[in-house]
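Open your viewer, get the cartoon on screen, and keep the selection box handy. We will go from stop to stop, choosing a few residues each time and looking at what is there.

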Amino acid sequence: MIGAIILILVGLLFGILGCLLAIGQKIILLHRYHYARVTKEKKKAFCFLSGLGVVFIGFGILLSGVLIWITGSELSLIAIVNGLIVGTGMLVIAGIKYI
């Protein structure tokens with residue numbers, strides 16, 4: 001039960017950070033390296049795609065926590081794996097395309 005609550009809180013934290021990155025364009029949340037390398041013309045697209053990737057990771061963690069709380073099954077961790085795959089893919093694509 002406590003593990004599910006921790007997963008839900010971590011998922012919410014990732015969701016908030018992703019929204020700050022995507023909507024607020026807080027590129028400094030990622031790393032100073034990215035802050036210095038992304039041009040002003042590409043900043044909006046980079047922040048949106050990276051923020052969306054972080055939101056997907058957070059959603060996977062959040063969904064997994066909710067499913068573990070409801071079902072008690074460890075198979076609910078599949079949601080984390082899916083969120084990590086999609087979110088990390090989006091972060092890698094943003095890094096390759098805009099940096």
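Start by selecting I5, which sits in helix α1. Keep in mind throughout that this is a predicted model. Is I5 buried, partly exposed or exposed? I5 is partly exposed, because its relative accessibility is 32%.

**Stop 1: the surface around I5**

Now widen the selection to M1, I2, I5, I6, L9, L12, V66, W69 and I70 and switch on a surface. Together these residues make a nonpolar patch with about 940 Å² of accessible area. Two helices, α1 (2–22) and α3, each bring at least two residues to the patch. Which of the helices gives the most to the patch? That is α1, with five residues.

**Stop 2: the whole chain**

Zoom out and colour by secondary structure. You should find four helices and zero strands, in the order α-α-α-α from the N terminus. The C-alpha trace spans about 45 × 20 × 20 Å along its principal axes. Leave the surface on for a moment: the chain exposes about 6300 Å², and carbon and sulfur atoms supply 75% of that area. Of the 99 residues, 32% count as buried. As for how the chain meets itself, take the contacts between residues at least 6 apart in sequence: 68% of them join residues at least 24 apart.

**Stop 3: a loop residue with a positive phi**

Next, select Q25 in the loop between α1 and α2 (32–37). What is phi at Q25? It is near 55 degrees, a positive value in a residue other than glycine. For background, most residues other than glycine have a negative phi. Q25 counts as partly exposed, since its relative accessibility is 25%.

**Stop 4: the nonpolar cores**

Hide the surface and show side chains for L21, I27, V38, F46, C47, L49, V54, M90, A94 and Y98. These ten residues form the largest nonpolar core of the model. The elements that give two or more residues to this core are α3 and α4 (78–98), and α3 has the largest share, with four residues. As a general point, nonpolar side chains tend to be buried together in soluble globular proteins.

Pick out V38 from this group and display what surrounds it. Setting aside residues up to four places away in sequence, V38 touches I27, K43, F46, Y98 and I99. Then move to A4, L7, I57 and I61, which are among the six residues of a second, separate core.

**Stop 5: a serine in α3**

Select S50, in helix α3 (residues 40–71). Is S50 buried or exposed? S50 is buried, because its relative accessible area is 1%. To see what it meets, add L21, L30, L91 and A94, the residues in contact with S50 once neighbours within four places in sequence are left aside. You have already had two of the names on screen: L21 and A94 also belong to the largest nonpolar core.

**Stop 6: the cysteines**

Show the sulfur atoms of C19 and C47. Why is there no bond between them? The sulfur of C19 is 13 Å from the closest cysteine sulfur, the one in C47, and so is too far away for a bond. Looking from the other side, C19 holds the cysteine sulfur closest to that of C47. The disulfide count comes to zero. The surroundings of these two cysteines are worth a look as well: C47 is buried, with a relative accessible area of 0%, whereas C19 counts as partly exposed at 38% relative accessibility.

**Stop 7: two distances to draw**

Finish with the distance tool, staying with α3. A45 lies in this helix and is partly exposed, at 31% relative accessibility. Draw a line from its C-alpha to that of A22: the two residues are 23 apart in sequence and 8.7 Å apart in space.

Now go to F48, also found in helix α3 and partly exposed, with 47% relative accessibility. How far apart in space are F48 and S64? Their C-alpha atoms are 24 Å apart, with the two positions 16 residues apart in sequence numbering.

How values were computed. Residues are numbered from 1 along each chain as its sequence is written. This is a predicted model: local features need pLDDT of at least 70, side-chain atom pairs count only at pLDDT 80 or more; totals for chains, interfaces and linings use all residues. Side-chain values use heavy atoms; hydrogens and water are left out. Buried means under 20% relative accessible area, exposed over 50%, partly exposed in between (1.4 Å probe, protein chains only). Contact means heavy atoms within 4.5 Å. Accessible areas come from the Shrake-Rupley method with a 1.4 Å probe; for residues, only the protein chains shown count as cover. Patches are made of residues with over 30% relative accessible area and no salt bridge: like charges are joined within 9 Å, nonpolar side chains (Val, Leu, Ile, Met, Phe, Trp, Tyr) within 5 Å. A salt bridge is a side-chain nitrogen of Lys or Arg within 4 Å of a carboxyl oxygen of Asp or Glu. A nonpolar core is a set of buried Ala, Val, Leu, Ile, Met, Phe, Trp, Tyr and Cys residues joined through side-chain atoms within 4.5 Å. A disulfide is a pair of cysteine sulfur atoms within 2.5 Å.
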